[in-house]
Amino acid sequence: MEAGAGSSSAKLVAACVIGGIVLGASVVALHLAGPVAIPALPPVDALRRRFRRGRRRPVRVYMDGCFDMMHYGHCNALRQARALGDELIVGVVSDDEITANKGPPVTPLHERLIMVRAVKWVHDVIPDAPYAITEDFMNKLFNEYNIDYIIHGDDPCLLPDGTDAYALAKKVGRFKQIKRTEGVSTTDIVGRMLLCVRERSASDSHNHSSLQRQFSHGHGQKIDDSGSGSGTRISHFLPTSRRIVQFSNSRGPGPDSRIVYIDGAFDLFHAGHVEILRLARELGDFLLVGIHTDQTISSTRGPHRPIMNLHERSLSVLACRYVDEVIIGAPWDVSKDMITTFNISLVVHGTIAENMDFMKDDLNPYAVPRAMGIYRRLESPLDITTSTIIRRIVANHEAYQKRNEKKEASEKKYYDSKSFVNGE
């Protein structure tokens, strides 16, 4: 045992001596060779660039339009366009370009920008976009905005000279088509209001049914087979549960959410509606919007209202990024039971509305939330109502009549040659 222990000790001493000699030799060699350059680590920015190159760049798609009197058909087009990429960039055509190609717009550019920016599927907006996509603008989209595809509906978009506004995008293979939303167009809505103007100027005994009911039941005027009629062709809106689901948010309020409630007609959904909804949403975590029935609106605002029916108005509100949920056919009175059922923390109303007389009545629809101390009036950012839009149509009656007659011919051609297009 003692002999083995002595041998092990000798080996350990020998190893330490040899290791010391090697280490010493290495230090001497480094000293004689001078300083050695240690490779520098790559800067943080370079590391970030390498990381980004390893990830897939988001697919950016572009869609343009006039978005005049924006409605749920526009919103559904933007929803479909967004589904074809990761980020949707929207070009909004200038007032001058619209006037030159289609006639005067009903809503000015700044209102149209508010509307488009509020759509929950829109990532960014390009103001004053050209009506026709020129080669220069197309290259700008591809190179500066990193657009991968240009999107448009299956309905033709023709320039005054009869050429396709998207011919260049199609030629370079960067064009994708979506399905047009049936049942509504700006031409149709303007036609509804023009019909309203004609009927109101006629005898009261002519027809007392609401304008919405005339259109939903097919009693409005239609274009004749020759395309020379003076009315508006009606492609009826067919509401489906799938469409409502597509527009709805998938999440509900959390257990501790501050739920804000606002109600109204939201007829001809406009920039004034959007701005008051934005303010209401800022006051809580979840915005619940009540949309009144057609019958309620007709009884409070006259037999020619609403212009848009309940389902049409619901989709327009659901598309707004500030809205979390809607009550389709909300009651006129905000009751204690309703407040409890939806766990409402605050009820709000704007200072601009079609008629504020109800605030003076004994039957104030907000009497209960006022008594509970959870009612607040918000200063409306814009002095715009549905009547404001209608007055614009009336003021330019002849111009819009001519514009509609011109558009009706192309709409008739579209419907006559229409075929099934697969889409959402």
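A pocket here is an open set of grid points with protein on both sides within 12 Å along at least five of seven lines, and its lining residues have an atom within 4 Å of a point. With that in hand, the second largest pocket of this predicted model turns out to be lined by 31 residues. Gly 264, Arg 301, His 349, Ala 353 and Glu 354 are the ones nearest the pocket centre. The volume comes to about 540 Å³. Strand E6 (259–264), H11, helix H12 (294–301) and strand E9 (344–350) each put two or more residues into this lining. Sorted by class, the lining of the second largest pocket splits into 13 nonpolar, twelve polar and six charged residues.

Closed-off space is there too: six cavities reach 30 Å³ or more. The largest cavity holds about 160 Å³ of space. It has 18 lining residues, and Met 69, Met 70, Leu 268, Phe 269 and His 270 come closest to its centre. Both H5 and helix H13 (310–318) supply at least two residues to the lining of the largest cavity, with H5 giving the most, at three. Of the residues around the largest cavity, eleven are nonpolar, four polar and three charged.

One of the residues closest to the centre of that cavity, Leu 268, also has an unusual entry in the backbone list. Its phi is near 50°, a positive value in a residue other than glycine. Leu 268 sits in the loop between E6 and H11, and at 8% relative accessible area it falls under the 20% limit, so it counts as buried. Asn 343 likewise has a positive phi without being glycine, near 55°. That residue belongs to the loop between helix H14 (336–341) and E9. Its relative accessibility is 43%, so Asn 343 counts as partly exposed. A further backbone detail is the cis peptide bond from Arg 305 to Pro 306, with omega near -5°; Pro 306 lies in the loop between H12 and H13.

Back to H5, the main contributor to the lining of the largest cavity. Its buried residues are Leu 109, Glu 111, Arg 112, Leu 113, Met 115 and Val 116. Among the elements covering them are strand E2 (87–93), helix H4 (95–101), E3, helix H11 (271–281) and helix H16 (386–395).

Leu 287 offers a look at packing around a strand. This residue is part of strand E7 (residues 286–292), and with 0% relative accessibility it counts as buried. Leaving aside residues up to four places away in sequence, Leu 287 touches Val 260, Ile 262, Leu 277, Ala 280, Arg 281, Tyr 322, Val 323, Asp 324 and Glu 325. Leu 346 is 59 residues from Leu 287 in sequence, while the C-alpha to C-alpha distance between the two is 9.8 Å.

Now for the rings. The model contains five aromatic pairs. In one of them, Tyr 62 and Phe 137 have ring centres 6.0 Å apart and planes at 65°, so this pair is edge-to-face. Tyr 62 is in strand E1 (residues 60–65) and Phe 137 is in helix H6 (residues 135–143), so the contact ties together parts of the chain that are 75 residues apart in sequence. Both partners sit inside: Tyr 62 counts as buried at 0% relative accessibility, and Phe 137 does so at 11%.

Trp 121 and Phe 247 make another edge-to-face pair, at 5.2 Å centre to centre with 80° between the planes. This one links distant parts of the chain, 126 residues apart: Trp 121 comes from the loop between helix H5 (109–117) and strand E3 (124–129), and Phe 247 from helix H10 (residues 241–247). Trp 121 and Phe 247 are both buried.

Rings also meet charges in this model. The charged end of Arg 174 is placed over the ring of Phe 142, 3.8 Å from the ring centre. For Lys 176, the ring underneath belongs to Tyr 149, and the charged end lies 4.2 Å from its centre.

Key
Residues are numbered from 1 along each chain as its sequence is written. This is a predicted model: local features need pLDDT of at least 70, side-chain atom pairs count only at pLDDT 80 or more; totals for chains, interfaces and linings use all residues. Side-chain values use heavy atoms; hydrogens and water are left out. Rings of Phe, Tyr and Trp (its six-membered ring) pair if their centres lie within 6.5 Å; planes under 30 degrees apart count as stacked, over 60 as edge-to-face and the rest as tilted. Helices (H or I, at least four residues) and strands (E, at least two) are DSSP runs, numbered from the N terminus. Buried means under 20% relative accessible area, exposed over 50%, partly exposed in between (1.4 Å probe, protein chains only). A charge sits over a ring if NZ of Lys or CZ of Arg is within 6 Å of the ring centre and within 35 degrees of the ring normal. Contact means heavy atoms within 4.5 Å. On a 1 Å grid over the protein atoms alone, a cavity is a set of points where a 1.4 Å probe fits but cannot get out, and a pocket is an open set with protein on both sides within 12 Å along at least five of seven lines; lining residues have an atom within 4 Å of a point. Grid points are joined across faces, edges and corners, and a volume is the space filled by probe spheres set on the points. Ala, Val, Leu, Ile, Met, Phe, Trp, Tyr, Cys and Pro count as nonpolar, Asp, Glu, Lys and Arg as charged, and the others, Gly among them, as polar.
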